[in-house]
Amino acid sequence: MIYIRSINKYLAPAVTIHSPLNARIMLKESFDLIRKLLREGVLSEAIRQLRTLLDSYRDGTTADKLDGIEEEYKLMLGYMLKGYRDPERENLYERLLDKTNRLTNDYDLSLRKKLVSSYVEAAGQALHEGVTTDDIRRRLESFVTDVALTGLQSDENENTHIKKLRQEHQQFMNSLFNKIWTSPAWDEHEGSFYRDLILSPSIDITDAKWMTAAVMLGCMNIFDFEKFNTLTFIYLHATDIRLKQRAFVGWALSLFVAPGQHGKVKELVEKMCDDGKTRSDLLELQKQIYFCLNAESDHEEIQRDIMPNIMRNNHFEISRFGIVEKEEDEMQNILNPGASDKAMEELERSMRKMADKQNAGADIYFGGFSHMKNYSFFFHLSNWFVPFTPQHPEIIRLSEQNTQFMLIRKLFQTGPFCDSDKYSFTLSMISIFDKIPANMREALAGQDNIMGGPFLPNDQESDTYARRMYLQDLYRFFRLYKKKEDFFSPFPVRQSGNGKENLFLLDVFKDTDLHHEVEQLALFLMKQKKLYSLQLLLEHYEDVHSVSLDYLRGTTCLRNGENTMAERFFKQVLSIQPDHEQALSGLAKSVFRQEKYEETDLLYQQLTSDYPQKKHYQLHHAICLLKLDKTEQALQILFRLNYEQPEDMAICRILAWGLLMAKKPAQAENYYQKILSSGQTALEDKLNEGYAHWISGDIQGAVDAMKEFLKRQPQHQQQFSFIMGEFRKDVSLLDKYDISATECQLMAELVTDNKSIPSSSSL
């Protein structure tokens with residue numbers, strides 16, 4: 001192994017404490033630096049930086065352990081200085097790096113429990129150290145047994161006893177949750193205990209899911225290999241779909257903070273990626289992360305484009321049988337026949353559009369439910385991670401006075417909502433239930449699911465659905481929890497284009513079989529118009545090639561103006577798949593931009609021959625012919641296209657320019673008038689109209705048109721220089737009419753000096 005020799009770039013000043021917030025920021029920077037040093041194998045500087053931290057935040061246990069590591073390191077140096085060749089030197093150095101990393105993480109956790117609010121609260125509510133693993137197992141198993149035995153009692157005794165059982169169990173689980181996620185690094189014994197416990201059929205599945213979330217929360221904030229290994233084991237061996245996917249999501253999100261090239265982590269990830277199912281799950285997970293990040297924009301789109309249609313057609317009601325029309329207004333049918341059918345079609349179209357977005361993976365409910373997280377239920381961190389259960393003590397306590405609680409209990413046991421939103425809705429229903437009209441309560445009571453019809457997914461038992469719902473739970477926590485800043489979030493608030501939301505860009509996945517899924521993710525990013533994310537992905541996997549990936553690389557280069565590179569990628573695609581239409585079109589664009597017009601001409605000849613029905617290829621071919629000064633040939637194409645599509649101003653615009661190039665300015669003026677009266681004008685139309693007037697000898701008309709063109713430009717432009725620049729761009733046209741550089745100077749003066757000549761209106 002080769003380690004970095006120069007460490008000057010890592011040197012950092014000692015920590016100076018000014019305020020709790022500043023302390024947290026500087027501590028994070030310091031710990032990030034130490035972990036970076038350890039990842040890169042610079043042990044001595046990592047030890048020095050850790051010692052500097054200890055000078056500001058004394059911790060006797062950490063200091064003693066660091067002394068031991070430092071002593072081992074000095075012994076290693078001493079043996080090397082004496083010339084001994086130790087065959088275990090590399091392994092020993094790796095062990096010291098690992099021990100220092102573990103000590104760093106535990107020290108970081110210890111400081112967070114003193115300085116970070118969420119950690120301070122959780123540590124105060126966690127199970128005390130005297131509770132053994134045997135105690136934990138016994139409590140979880142006895143709860144299942146006690147609940148089962150309660151069913152043998154009388155109804156009154158059962159109700160009283162079960163409420164007490166659940167209340168005590170809730171308190172215990174809250175303490176256990178806090179113990180797990182704030183626990184220091186586990187050893188193999190602890191990891192083995194929790195793996196066996198969570199997968200045990202003797203405990204409640206809700207408890208198993210809840211504990212798995214705690215393992216995830218701890219691991220993705222301060223990485224711990226044994227917690228990471230526990231999540232891996234649960235994912236591989238759980239039979240319950242939702243438990244399995246909770247573990248998988250936790251495993252994947254923990255990789256954001258994992259030491260990328262850490263030996264044990266990398267070995268485990270490579271082994272996992274040998275399995276096609278794991279790779280498929282990673283691909284779907286990454287897509288769903290992007291869908292979560294779109295939640296706010298999806299909400300805005302629904303409010304802007306979909307909800308108005310639904311509200312306008314509120315004479316329909318939604319039931320589990322679909323959209324049902326209310327009693328008709330006979331007078332409306334007489335006055336406006338057919339309006340009812342049209343309204344139904346619009347409503348169904350809007351509802352279907354929303355359902356389609358949801359089925360595709362969009363988080364369509366975030367915007368609505370984001371305002372329903374202010375109940376005291378959500379003040380407790382662990383409640384954000386508990387699976388939905390109508391037996392949750394807080395729900396039962398609030399609903400005791402409600403005689404119709406059975407309805408509330410069943411409303412969201414199924415349906416297209418994540419657990420967090422189910423709790424929000426249930427708590428809201430409890431608070432307003434007595435205010436709901438009796439007839440509406442009766443109608444609701446007759447439904448098995450309040451959100452049936454198009455909104456009820458048909459894949460609720462699939463891995464994809466379970467993973468999607470859990471991710472939406474997490475998205476709400478990391479966006480809406482009152483102390484969310486205390487945690488690392490896998491959902492960047494602003495997508496700055498640095499790829500922090502993309503698991504596929506992590507170094508730990510290099511040299512794995514995950515590159516097989518890169519192509520599908522790239523196509524997804526293109527479809528979602530996440531173009532910069534796509535570019536980062538293509539650059540990261542620059543050694544992975546396929547027809548689709550090289551085509552996407554070509555289009556990315558084309559978009560960035562890297563025309564030579566785009567040409568190379570498109571030709572690479574065509575060498576494998578000569579009939580790839582999009583690559584052929586992209587190649588034509590890239591060589592055209594490089595002014596290789598002869599080559600462009602041949603490419604568009606092929607495209608227009610192979611795809612005669614696609615008029616845009618013929619239009620681009622005509623533009624190329626104009627560049628080659630094959631004006632008459634270009635005009636033949638343009639006149640035919642204009643005849644076939646007389647209302648297409650793009651064709652009309654190029655035809656007008658072609659007529660100017662063909663020295664037919666009078667005809668060109670007619671077309672420019674048609675364009676300007678169409679309401680489909682482009683910025684350059686007034687300039688080109690001015691050229692037509694100028695060429696025809698109508699100088700005043702040319703000046704007026706070009707002044708109008710300048711008015712539409714940004715005001716900060718230096719107008720004389722700007723218009724001269726436009727003339728230089730169009731020198732090939734002006735040369736055809738022997739318009740000299742001097743005449744261009746004079747015209748620029750006339751256009752930019754308002755007092756040069758009187759306006760046409762005063763003549």
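Author: A salt bridge is a side-chain nitrogen of Lys or Arg within 4 Å of a carboxyl oxygen of Asp or Glu. This is a predicted model: local features need pLDDT of at least 70, side-chain atom pairs count only at pLDDT 80 or more, and totals for chains, interfaces and linings use all residues. Residues are numbered from 1 along each chain as its sequence is written, and side-chain values use heavy atoms, with hydrogens and water left out.

Reader: How many salt bridges does a search of the whole structure find?
Author: Side chains of opposite charge can pair when their charged atoms come close. Searching the whole structure for such pairs gives a total of 39 salt bridges.

Reader: Which helix holds both Asp 135 and Arg 138?
Author: The two side chains meet in a salt bridge, 2.4 Å from N to O. An α-helix has 3.6 residues a turn, so residues three or four places apart point the same way. Asp 135 and Arg 138 are three residues apart, about one turn, in a helix (a DSSP run of H or I, at least four residues, numbered from the N terminus). That helix, residues 133–150, is α6.

Reader: Is Arg 138 buried, partly exposed or exposed?
Author: Buried means under 20% relative accessible area, exposed over 50%, and partly exposed in between (1.4 Å probe, protein chains only). Its partner Asp 135 has 24% relative accessibility, so Asp 135 counts as partly exposed. Arg 138 stands at 49%, so Arg 138 also counts as partly exposed.

Reader: What is the relative accessible area of Asp 281?
Author: Asp 281 meets Lys 277 in a salt bridge, 2.9 Å from N to O. Both lie in α13 (residues 276–293), four residues apart, about one turn of the helix. Lys 277 is partly exposed, because its relative accessibility is 38%. Asp 281 is buried, because its relative accessible area is 3%.

Reader: Which residues are linked with Lys 277 and Asp 281 in a network of salt bridges?
Author: The Lys 277–Asp 281 pair in α13 does not stand alone. The network also takes in Glu 284, Asp 463 and Arg 467.

Reader: How many residues apart are Arg 476 and Asp 363?
Author: Arg 476 forms a salt bridge with Asp 363, with the closest N and O atoms 2.8 Å apart. Each has a relative accessible area of 1%, so both count as buried. The pair links distant parts of the chain: Arg 476 is in helix α22, and Asp 363 is in the loop between α16 (339–360) and α17 (366–369), so many places away: 113 residues.

Reader: Which residues have the most contacts inside the largest nonpolar core?
Author: In soluble globular proteins, nonpolar side chains tend to be buried together. A nonpolar core is a set of buried Ala, Val, Leu, Ile, Met, Phe, Trp, Tyr and Cys residues joined through side-chain atoms within 4.5 Å. The largest one has 103 residues, and those with the most contacts inside it are Leu 255, Phe 385 and Phe 509. The largest share of this core, nine residues, comes from helix α9 (residues 205–219).

Reader: How many residues are in the other core?
Author: This core lies apart from the largest one. Among its members are Ala 634, Trp 657, Ala 702 and Cys 744. Its size is 46 residues.

Reader: Which residues does Phe 509 touch?
Author: Contact means heavy atoms within 4.5 Å. Residues up to four places away in sequence are not counted. The list for Phe 509 is Leu 255, Val 269, Cys 273, Leu 282, Leu 503, Leu 514 and Tyr 541.

Reader: Which helices are included in what covers the buried residues of α24?
Author: Helix α24 spans residues 531–540. Its buried residues include Ser 533, Leu 534, Gln 535 and Leu 536. The cover includes α13, α23 (515–527) and α25 (547–559).

Reader: What is the volume of the largest cavity?
Author: A cavity is a set of points, on a 1 Å grid over the protein atoms alone, where a 1.4 Å probe fits but cannot get out. Points are joined across faces, edges and corners, and the volume is the space filled by probe spheres set on them. The count comes to four cavities of 30 Å³ or more. The largest has a volume of about 90 Å³.

Reader: Which residues lining the largest cavity are the closest to its centre?
Author: Lining residues have an atom within 4 Å of a cavity point. The largest share of this lining, three residues, comes from helix α4 (residues 89–115). Of the 13 lining residues, the closest to the centre are Leu 109, Ser 183, Gly 218, Ile 222 and Lys 227.

Reader: Where is Lys 227?
Author: Lys 227 is buried, because its relative accessible area is 2%. Its contacts include Ile 180, Trp 186 and Val 215. Its place, within residues 225–237, is helix α10.

Reader: Which helix gives the largest share of the lining of the second largest cavity?
Author: This cavity has a volume of about 50 Å³. Eleven residues line it, and Gln 358, Ala 362, Pro 416, Met 469 and Gln 472 lie nearest its centre. The largest share, four residues, comes from helix α22.

Conventions:
Helices (H or I, at least four residues) and strands (E, at least two) are DSSP runs, numbered from the N terminus. On a 1 Å grid over the protein atoms alone, a cavity is a set of points where a 1.4 Å probe fits but cannot get out, and a pocket is an open set with protein on both sides within 12 Å along at least five of seven lines; lining residues have an atom within 4 Å of a point.
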